[in-house]
Structure formats: structure tokens, C-alpha cells
Amino acid sequence: MQNSRRSFFNGLLGLYLTTFLPISSYGQSNNLSNQKTKIVPRGLRKGDTVGLIAPGYTFPAKVLEETKKTLLKLGYKPYHTERINRPHGYFSNTDAERAQDLNHMFTNTEVDAILCVRGGYGCTRIMTLIDYETIQNNPKALIGFSDVTALLNGIFKLTGLVTFHGPVGSTLNEVYCKKALENILSPNKNLKSIHNAVILPENSKNPEYERYTITEGKAKGILCGGSLTLINALIGTPHEIDFTDAIVCIEDVEEAPYRVDRMLTQLIEGPTLKKAAGIIFGVCAGCNESTNPNSFSLKEVIMDRIKPLGIPAVYGMSFGHVAQNFTFPIGITASFDTAEMIIKLNEKTVV
């Protein structure tokens with residue numbers, strides 16, 4: 001799976017971002033786990049400085065250069081330290097250095113927003129090295145997906161900072177993808193809803209891109225989730241996601257149907273998925289393939305595991321390890337009707 005993630009992230013390029021202003025400030029307590037105040041971002045403005053980090057896998061030098069060129073074309077100033085890619089095995093750097101880079105971007109007053117150049121394994125290894133108090137006191141936009149799922153949900157849980165599940169630096173060169181990110185981060189648009197892309201002709205006959213209702217209904221709750229693999233990787237840690245009354249977004253890439261089955265079963269057997277308000281699957285690219293001729297299809301697995309929960313749920317929305325990857329905010333309250341397949345945002349995503 002990591003080889004597929006590596007090829008995916010090395011194939012596409014670009015990105016731009018935003019910074020945050022708190023709706024209301026936290027108290028003086030340093031007990032972050034008990035803080036409930038939500039910090040919502042200020043919108044992206046031309047001329048902002050975007051701090052680039054690589055919290056997981058290493059990457060080719062050309063990926064960083066193309067990301068910087070894209071940011072400059074979009075009107076933003078890219079910035080990174082020398083720590084960003086000093087390969088340490090399959091990581092972009094040591095755990096300590098990757099965490100230090102993330103912490104630095106939040107403390108550096110010249111940095112307005114933070115973009116992960118790529119995903120890839122490694123984010124969970126630095127979760128205990130992150131300075132969450134510094135993040136709380138210096139809130140800025142953090143955007144990424146795939147293994148960055150761990151950072152997005154963990155940081156929101158411990159600090160209240162709304163984060164964005166969206167493109168990384170290596171995956172933004174697609175019109176829909178760019179527009180979706182710009183719309184949700186623009187202070188002038190005050191985005192009210194997130195809509196699916198038109199399915200590309202080359203994907204129209206691929207069952208992994210099929211859009212279908214698992215269980216009919218309406219849901220309202222805080223958006224959370226991301227990569228199924230990383231959601232499961234947080235189980236049993238201080239960063240485990242509480243799905244109670246939440247709208248859970250799920251995607252993954254090149255996991256065989258039996259592996260998707262196993263991960264969903266683990267979530268179902270856990271304490272809170274059964275209490276979710278709704279479940280939204282993105283496109284699980286490459287997850288319908290199996291070397292076992294007797295394998296269930298991806299759709300059969302999802303229907304078998306999710307439908308008995310009786311929770312409003314759909315499959316096939318435009319996010320995941322696909323070119324048309326919309327951005328959604330982790331921590332913002334939203335509404336969802338399975339008949340419409342539109343995510344309606346009940347709060348401002350930026351101010």
C-alpha cells in the first residue's frame with residue numbers, strides 16, 4: 001500500500017492555504033484535553049506565507065520544487081526549513097526533526113499557514129512529540145490527507161483547532177481540486193455546501209467510483225475522519241476519534257476488500273462508531289481488487305458492514321486518493337441528506 005501511496009503522491013503537484021483566528025480564546029489552563037472551545041480559521045489571502053512540511057514519507061526533490069512553483073503562481077510565498085527532506089530510511093527525516101519542523105511552523109510568526117508536501121507513513125510516530133499548547137496559542141491552517149489524517153484529527157481533538165482534509169502539495173494540479181480548496185478557504189465566499197465533481201469519463205465504468213446510498217436518512221454533526229487505515233491506527237491512543245454524533249468521512253487506497261472488512265469491523269466493535277450521526281465514504285481507489293476469486297466486492301463489504309448500523313450513509317463522494325479530491329473541515333458542524341449527496345456546512349469554515 002505504501003508503494004501505491006508513494007506513486008500517487010509523486011504523480012500530481014501543487015497547493016495553497018490559510019491561517020486561523022480563534023472565534024474565542026481558551027482559558028489559561030494547560031490541560032488541553034479538557035478544552036472545548038473551537039478555533040476557526042481566518043481565510044486565505046494573497047501574499048500569505050505557506051510553511052511546507054513533510055511529516056511522513058520522503059519524496060523526490062522535484063515534488064518540493066513543483067509545489068513551490070505552484071504556490072508562487074497562486075500568489076503565495078512558500079517557505080520551508082532544511083529539515084524538510086533529509087531522508088532517514090523511508091521517512092523525510094527523523095521523528096524528532098519532523099516534529100520539530102511542525103512545531104516550528106506554528107511558532108514562526110512569519111508563517112501564515114501550513115501545508116504537507118505529501119502524505120505517507122510516519123505521522124503517527126510524531127504525535128507524542130507535537131507541542132499542542134503551542135498550536136493552541138498559535139493557530140494556523142493545516143491541510144493534507146492520507147496519513148495526515150492522524151494529525152488533522154489528533155490536533156483538533158487536543159486543541160480545538162479546525163483542520164482541513166484536502167490536497168497535499170503533490171496533488172493539487174486538477175481544476176476541481178483547486179476550486180474546492182479555494183472555495184472553502186476564501187473569506188469572501190462563506191461557503192455553505194460542498195458538492196461532488198462530475199465523474200470523469202475514464203472512471204464512469206469503474207465500480208469504485210459508483211455513487212450509492214447505503215442507508216437513507218439525514219444527519220447532522222461534526223465532520224471527522226479521513227483515511228480508514230489511519231482512523232484505525234489511532235484506536236487505543238490519546239488521539240482516538242470519538243464518533244459520537246459525528247459525520248464520519250472514510251476513504252482509503254489499494255486495500256483489498258477483506259482488509260476494508262477487517263478495519264470496518266474493528267470500528268464497529270469499538271465504542272462509538274455505532275453512535276455516529278452519519279457516514280460518508282469517499283472513493284476507495286483500488287479497493288475493489290483482490291487476488292482471491294471468491295472475494296466479496298468492495299460494495300458488498302461496505303453494505304454488509306455499514307447498513308446494519310442503521311446510520312444514514314453513502315458511498316462515492318469526491319474525496320480520497322483521486323484527482324478530484326474536495327476539501328472538508330475537520331471539526332465544523334455539517335448537515336447531510338443521503339438523497340442529495342451534498343455536505344451542507346452549518347458554521348463558517350473561515351473568518
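Partly exposed here covers a relative accessible area between the buried cut-off, under 20%, and the exposed one, over 50%. Keep in mind that the model is predicted.

**Exercise 1.** Work out whether R305 and D304 are buried, exposed or partly exposed, and how their side chains pair.

*Solution.* Start with R305: its relative accessible area is 24%, so R305 is partly exposed. D304 comes in at 44%, so D304 is partly exposed too. Now look at the pairing: R305 and D304 form a salt bridge, with 3.2 Å between the closest N and O atoms. Elsewhere, D95, R98 and R125 are joined into one network by salt bridges that share partners.

**Exercise 2.** Find which residues of helix α2 are buried and explain how they are arranged around the helix.

*Solution.* Helix α2 runs over residues 61-74 and reaches 20 Å from first to last C-alpha, close to the 20 Å expected. Its buried residues are V63, L64, T67, T70 and L71. Looking down the axis of α2, these fall within an arc of 125°, so they line one face of the helix. Flip to the face turned away from that buried side and you meet the exposed A61, K62, L72 and K73. Just after α2 comes G75, with a positive phi near 100°.

**Exercise 3.** Compare the salt bridges E66–K69 and R98–D95 by distance, spacing and burial.

*Solution.* E66 and K69 meet at 3.9 Å, N to O. They sit 3 residues apart in α2, about one turn. E66 is partly exposed at 30% relative accessibility, and K69 is partly exposed at 48%. For R98 and D95, the closest N and O atoms are 3.0 Å apart. This pair is also 3 residues apart, in helix α3, but both R98 and D95 are buried.

Key. Residues are numbered from 1 along each chain as its sequence is written. This is a predicted model: local features need pLDDT of at least 70, side-chain atom pairs count only at pLDDT 80 or more; totals for chains, interfaces and linings use all residues. Side-chain values use heavy atoms; hydrogens and water are left out. Helices (H or I, at least four residues) and strands (E, at least two) are DSSP runs, numbered from the N terminus. The expected span of a helix is 1.5 Å times one less than its number of residues. Buried means under 20% relative accessible area, exposed over 50%, partly exposed in between (1.4 Å probe, protein chains only). The arc is that of the directions from the helix axis to the C-beta atoms. A salt bridge is a side-chain nitrogen of Lys or Arg within 4 Å of a carboxyl oxygen of Asp or Glu.
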